[in-house]
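Morning, everyone. Please bring up the sequence and the structure, and we'll go straight in.

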Amino acid sequence: MRQNSVPSPLIRIFSKNIFPLLPILFTITLIQCGVPKGEFGWTTTKMEEMDILEKHIQTITDYKMMRDDLIFSPTDTIHYVYQFSRSPGLETDFYISLNRYELDFVEIDIKKKRVEPDSLAIRDEFSLLRTGEYLIKIVHEGDTVDEVKFRVLPDEGYTQENLEQELAGDQTDEIIKYSR
């Protein structure tokens with residue numbers, strides 16, 4: 001007596017048509033499961049010139065979406081937004097790491113953030129940054145999702161004299177500090 005089984009022609013059709021597609025379907029599933037990338041947007045304000053009430057009620061809505069040739073002033077408050085291409089999940093924790101270039105990039109600030117539910121974005125600001133080169137990293141579970149570099153330059157620009165003063169001021173080793 002034979003039990004109910006799948007007919008042989010059906011197995012042949014499945015193995016010929018579906019099995020070759022399984023690696024492609026698996027790859028598509030993996031791509032969709034990861035944390036999505038996004039775009040950085042920037043704007044600046046002069047927070048020192050605002051009174052307490054203005055700072056409290058200020059809402060930044062207009063950002064310029066870009067990631068190349070970013071230059072800011074030390075007097076600027078730098079507002080950024082990271083707009084995800086699709087929802088990474090509202091309960092997902094991200095760490096925003098601000099790094100300043102010394103001999104290599106050194107982490108100077110880290111903040112834990114979650115995506116805003118209405119905009120699918122992360123927003124924050126930095127102020128009172130010294131002149132130099134910076135790197136912002138968006139990190140999820142130890143993996144860098146995205147990063148962007150920017151520079152903070154003095155309003156008058158760099159001259160050889162103020163560049164040497166800044167480099168000498170950053171040094172704590174007296175021999176290195178006065179040997180420049």
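Start with Glu141. It is exposed, at a relative accessible area of 69%. The cut-off for that word is over 50%, so Glu141 qualifies. Keep in mind that this is a predicted model.

Where does Glu141 sit? In the loop between β8 and β9, and β9 covers 143-152. Now its backbone. Phi is positive, about 50°, and Glu141 is not a glycine. Why mention that? Most residues other than glycine have a negative phi.

Next, Leu128. Here phi is near 55°, again positive in a residue other than glycine. Leu128 lies in the loop between β7 and β8, with β8 at 132-140. Is Leu128 buried or exposed? Exposed, with a relative accessible area of 67%.

That loop brings us to β7 and its sheet. Which strands form the sheet, and in what order? There are four, and the order is β2-β1-β4-β7. The sheet is open, and the pairing is antiparallel. The edges are β2, residues 64-65, and β7, residues 121-126. Each has a single partner strand, so one side of each has no neighbour in the sheet.

A general reminder: strands of a sheet pair through backbone hydrogen bonds, parallel or antiparallel.

Now the β4 and β7 pair. How many bridges join them? Six, with the two strands running antiparallel. Strand β4 spans residues 77-84. For one pair to click on, take His79: its bridge partner in β7 is Glu125.

To recap: an open sheet of four strands, then positive phi at Leu128 and at Glu141. Over to you for questions.

Conventions: Residues are numbered from 1 along each chain as its sequence is written. This is a predicted model: local features need pLDDT of at least 70, side-chain atom pairs count only at pLDDT 80 or more; totals for chains, interfaces and linings use all residues. Side-chain values use heavy atoms; hydrogens and water are left out. Two strands pair if DSSP finds at least two bridges between them. Buried means under 20% relative accessible area, exposed over 50%, partly exposed in between (1.4 Å probe, protein chains only).
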